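Reader: I'm new to looking at protein models. Could you walk me through how to read one?

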Amino acid sequence: MYQYAVEEANAAVKLDEAGRYRQAINKYQRAAEILIQFVKYNKNPMMIRKCQDQIEQYVTRAQALKAHLSGPRARRSSPAVSPSEPKGEGGEEGAVSSEEQELMDSISGTILTESPNVKWKDIAGLKDCKQAVREAIVLPIMKPQLFTGARKPWSGILLFGPPGCGKTLLAKAAATECKATFFSVSSADLLSKWLGESEKLISSLFKVARLKAPSLIFMDEIDSVTTTRGSGHEGGGERRVKTQLLQEIQGVKSTHDKPLLVLGATNRPWDIDIAMLSRFEKKVYVPLPDQPARAGIFKIHTAGVNSALKDEDFIELAVRSDGYSGRDISNVCREVIMIPVRELDMGGLLEDPDKEVIVRDINLKDFLKTIKKIKPMTTGSVLKRYQDWAEEFGEF
Ligand SMILES: Nc1ncnc2c1ncn2[C@@H]1O[C@H](COP(=O)(O)OP(=O)(O)OP(=O)(O)O)[C@@H](O)[C@H]1O
Ligand SMILES: [Mg+2]
């Protein structure tokens, strides 16, 4: 870990010397962050002292660079990011773009902004969920003109359900289809930020999202930021982050012209505190796959592999995998796909790199054997808990 911090710091210094200050700031912060984590687990007082000195150095340098960048000279000289997109009042363009760039940089370490590439057809079953996500996310972003007057989009949407059933997939498919700027935040990452950086990060995130609207902010594992107040040990910092997040999500409501939507996902909905829960106006239950969906998932996850399976075999597999999640099935498939390769390898047939090998088809027997070994993750009693929660708070 220490070594890693040193590498980041060295990179920071190089960037700093090359005048690439924004990237340098990120690297300095990253190095400091790592050291802060490192110090937590280190018991050697000399080492702790040394690290603390380094942390201070990095933070000071990062702050100095930030101050430099936000100075008047830096603003004027920095090129406008996209001159074709006028923003703000006349004369302000340069300043806004420079600020925008700075904000973008500040969130780039923790928040992914590139678009995923998941198509609806990659997701088996979940017809109702797909429709709900289309109505709540895709349409408001693609056709905002439909959502005027009383027909307002829901500002917050929560996907909940057992692990491995397609929540993250649905979010990605929605983002792929609507071509909005997609921000993907792991809520656990938000919390692990140091020294009040979480708060800055959150506020930058929503600012950038507003600038780049239409935007979709996807907050995965939302339960980890917002566990029920008072339960467990929460520091003052965590509470502040929560409160701020609540405010930001609340604030989203007031922007009508260009849609900005918040999509949360969780497999522990009962842990979300009521204040946060109420911000998510629409709650969509993503259940375990039903039988036809399971057949579809087996097909998707064996696509492109030589297979002796017929349609009726997929139906048999679906019947035999009752209670399995999409992820369980995908694990079964990965295991099965390896069986023919493993057989060849154990027979010593893969040793000669030039020798052509013929890999046999996967068959029903391989699957039945593997299903016996890989058991479903979600048990009956937990499932009941989801269903009860869905009945109380959800839609499906
Ligand atoms: N309906 C489905 N169709 C095809 N593949 C699926 C489906 N559901 C789940 N999978 C497979 O399971 C994996 C996990 O799904 P995903 O990440 O969407 O689960 P999740 O609901 O977000 O789980 P978690 O609550 O653990 O985050 C996917 O990457 C995919 O391979
Ligand atoms: Mg997920």
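Reader: Let's start with the ligand. How do the residues of the shell around ligand 1 divide into nonpolar, polar and charged?

Author: Keep in mind that this is a predicted model. To read a shell, you sort its residues by the kind of side chain they carry. Here the shell around ligand 1 has 11 nonpolar, seven polar and two charged residues. In total 20 residues surround ligand 1, and the closest are P163, G166, K167, T168 and G326. Helix 7 (167-178), helix 12 (291-300) and helix 14 (326-346) are the elements that each give two or more residues to that shell.

Reader: And why does ligand 1 lie between domain 2 and domain 3?

Author: Check who supplies the shell. Domain 2 (120-288 + 388-393) and domain 3 (291-375) both contribute residues, so ligand 1 lies between them.

Reader: Okay, now the chain as a whole. How many helices and strands are there?

Author: You'll find 16 helices and five strands. Of the 396 residues, 35% are buried. Among contacts with a separation of 6 or more, 78% join residues 24 or more positions apart.

Reader: Which way do the residues of strand 4 point, and are they buried or exposed?

Author: With a strand, look at both faces. In strand 4 (residues 260-266), L260, V262, G264 and T266 point one way, L261, L263 and A265 point the other way, and all are buried. So you can call strand 4 mostly covered, with seven of its seven residues buried, because buried means 20 or more other C-beta atoms within 10 Å.

Reader: Which strands pair with strand 4?

Author: Strand 1 (residues 156-160) pairs with strand 4 in the parallel sense, over five bridges. Strand 3 (residues 215-220) also pairs with strand 4 in the parallel sense, again over five bridges. Try finding L263 in strand 4: it is the bridge partner of I157, and it is the bridge partner of F218 too.

Reader: How do I read a helix, then?

Author: Start with the general idea: an α-helix has 3.6 residues a turn, so residues three or four places apart point the same way. Now take helix 6 (residues 127-142), where the buried residues are C129, A132, V133, A136, I137, V138, P140 and I141. They pack against strand 1, helix 7, strand 3, strand 4 and strand 5 (282-285). Helix 6 also bends by about 40° at R134.

Reader: What about unusual backbone spots?

Author: Most residues other than glycine have a negative phi, and most peptide bonds are trans. L126 is not a glycine, yet its phi is positive, about 50°. You'll see L126 in the loop between helix 5 (93-108) and helix 6. K179 has a positive phi as well, near 55°, and sits in the loop between helix 7 and strand 2 (181-186). As for peptide bonds, the one joining A213 and P214 is cis, with omega about 0°. P214 belongs to the loop between helix 9 (197-211) and strand 3.

Reader: Why does L126 count as buried, and why does K179 count as partly exposed?

Author: Just count C-beta neighbours inside 10 Å. L126 has 26, so it counts as buried. K179 has 13, so it counts as partly exposed.

Reader: And E343, is that buried or exposed?

Author: E343, in helix 14, is exposed, because 12 other C-beta atoms lie within 10 Å. The C-alpha atoms of E343 and V359 are separated by 9.2 Å, and the two residues are 16 residues apart along the chain.

Conventions. Residues numbered from 1 in each chain as written. Chains lettered and ligands numbered in written order. Predicted model: local features only at pLDDT ≥ 70, side-chain atom pairs only at ≥ 80, totals over all residues. Helix = DSSP H or I, 4+ residues; strand = E, 2+ residues; numbered from the N terminus. Pairing = 2+ DSSP bridges. Bend = angle between axes of the 7 residues up to and from the residue. Contact = placed C-beta atoms within 7 Å. Near = placed C-beta within 6 Å. Domains from an automatic or database assignment.
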